[in-house]
Amino acid sequence: MAVVAANVKDRVGLGWRPEISAQILQHLDHIDVLEVIADNYFSASKKDIQSLAFLSRQAPVSLHGVGMGLASSQPVELRYCERMARLVNQVRPEFWSEHLAYVRAGDIEIGHLAAPPRNEQTVAATVRNILTARNIVGSLPHLENIATLIQPPASALTESEWVTEIIEKSGAPFLVDLHNLYANAKNVGQDPFKLLHQLPLKHVKTVHLSGGCWINEVDGQGERLLDDHIHDVPEEVFALLTCLAQFCPQTLDVIIERDGNFPAFGEMLHQLDLARRALQKGRELTCAS
Amino acid sequence: MAINSGELELFLARLYTDLPLFEEFVQQPEITMRREHLSEEVIAALQDIDMQGLKLAVKSYHHKRMYTRRPLTFWQRVTRALRF
């Protein structure tokens, strides 16, 4: 089911979630690639790890970390890197990925992804952390841009400048989350397509798609788009995927992330087909130009 | 003088996770920052903070911390099994 156009074999898949695992296994012929949340397996039983390793022999699997906190002035936690290294060694995924976010500071665990100030200091610290992680895990992670509801203070760089510097200085592949990009752009009144073109597109290897919803600001004056992963991928994000495919000659792995409020699985498969069509359209536009 | 990003990240992390501190900061940002002995550079950087974004972020992080499913430890599984 991979999208094939002009020698480019894109793949489209899903985030592995326990709630839909049975349906995923029943429809593996329609799913090109799976992404597993690594943190859910750091303390897993031997049996669960063996099951995951077996899965990775049935379908291409990547491991997606959420708690490494690479984009931080603070050195990355070596223990976390070692856990990732152990899991990578046990499961043998095609690649692993993490976020350009911080998740802890001092002894405080934020509990989720947060955007650090975007400046040269955090660029340098992030690159150091990425290279430390590479040395321990054995390979560079694909690095993902995050959605943020707050514009990080003390940011001398724009989001695109900051992400580009980190990707280029670390040499890591870029995992572009198109809904995160879309939400961030909408929340500051920018054009998401213009923002897409400012990112290091030649380094993109993986793509995330997801959905979100508009929420009211606390004082009720305005709205912001929340990337909640429990809504369908909107049309505008598929349009961004088409644009990406038009300007990225390299093969892309596209993962649809859904964390809850799951529709009937047929609808999930339909979203995969929409992603394939968006990719195909972008590839055809490249060929036509 | 260049801002100490680590100090700023730490204070933001405290705002995200310490609701009473966050509420004091919303009401009296400068008094709260000076009481916490933040540097002048960090205080200046936070003067124009995206307050709406901060309020939404705190709410979102609080909700996610409350509802994030964590894997059970060995002893939690044993305790659950012994209940039946």
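User: How many helices and strands are there in chain A?
Analyst: Chain A has 9 helices and 13 strands. Helices (H or I, at least four residues) and strands (E, at least two) are DSSP runs, numbered from the N terminus.

User: Before we go on, what kind of model is it?
Analyst: This is a predicted model, in which local features need pLDDT of at least 70 and side-chain atom pairs count only at pLDDT 80 or more, while totals for chains, interfaces and linings use all residues. Residues are numbered from 1 along each chain as its sequence is written, chains are lettered from A and ligands numbered from 1 in the order in which they are written, and side-chain values use heavy atoms, with hydrogens and water left out.

User: Back to chain A. How compact is chain A for a protein of that length?
Analyst: As compact as a globular protein of that length, because its radius of gyration is 18 Å, close to the 19 Å from the globule rule for 289 residues. The radius is taken over C-alpha atoms, and the rule is 2.2 Å times the number of residues to the power 0.38. Along the principal axes, the C-alpha atoms of chain A fill a box of roughly 45 × 45 × 40 Å.

User: What share of chain A counts as buried?
Analyst: 58% of its 289 residues. Buried means under 20% relative accessible area, exposed over 50%, partly exposed in between (1.4 Å probe, protein chains only).

User: And what share of the chain A contacts join residues at least 24 apart?
Analyst: Take the contacts (heavy atoms within 4.5 Å) between residues at least 6 apart in sequence: in chain A, 77% of them join residues at least 24 apart.

User: Now helix packing. At what angle do α3(A) and α4(A) pack?
Analyst: About 40 degrees, with the axes 8 Å apart. Helix α3(A) covers residues 78-91 and α4(A) covers 120-137. That angle makes α3(A) oblique to α4(A). Axes are lines fitted to C-alpha atoms, for helices over the stretch in contact, and angles run from 0 to 180 degrees between N-to-C directions. Under 35 degrees counts as roughly parallel, over 145 as roughly antiparallel, 65 to 115 as roughly perpendicular and the rest as oblique.

User: Which residues make that contact between α3(A) and α4(A)?
Analyst: From α3(A), L78(A), C81(A), E82(A), M84(A), A85(A) and V88(A). From α4(A), T132(A), A133(A), I136(A) and V137(A). By class, they divide into 8 nonpolar, 1 polar and 1 charged. Ala, Val, Leu, Ile, Met, Phe, Trp, Tyr, Cys and Pro count as nonpolar, Asp, Glu, Lys and Arg as charged, and the others, Gly among them, as polar.

User: What does α4(A) do with α5(A)?
Analyst: The two pack at about 35 degrees, with axes 9 Å apart. In α4(A), the residues in contact include V123(A), V127(A) and I130(A). They are met by residues of α5(A), among them W162(A) and I166(A). The contact holds 6 nonpolar, 3 polar and 3 charged residues.

User: How are α6(A) and α8(A) set to each other?
Analyst: Helix α6(A), residues 178-187, packs against α8(A) at about 115 degrees, with axes 9 Å apart. The two are therefore roughly perpendicular. L178(A), H179(A), L181(A) and Y182(A) meet E236(A), V237(A), L240(A), L241(A) and L244(A). That contact has 7 nonpolar, 1 polar and 1 charged residues.

User: Where does V233(A) lie?
Analyst: In the loop between β12 (223-226) and α8 (235-247) of chain A. V233(A) is buried, at 7% relative accessible area. S210(A) is 23 residues away in sequence, yet 4.9 Å away in space, C-alpha to C-alpha. Beyond neighbours within four places in sequence, V233(A) contacts residues including L209(A), F238(A) and I256(A).

User: What about phi in A154(A)?
Analyst: Phi of A154(A) is near 55 degrees, a positive value in a residue other than glycine. Most residues other than glycine have a negative phi. A154(A) sits in the loop between β8 (142-144) and α5 (159-170) of chain A. A154(A) is partly exposed, at 25%.

User: Switching chains, what is in chain B?
Analyst: Chain B has 6 helices and 0 strands. Of its 84 residues, 36% count as buried.

User: Is H37(B) buried or exposed?
Analyst: H37(B) is exposed, with a relative accessible area of 71%. H37(B) lies in the loop between α3 (29-35) and α4 (40-47) of chain B. Its phi is positive, about 60 degrees, although H37(B) is not a glycine.
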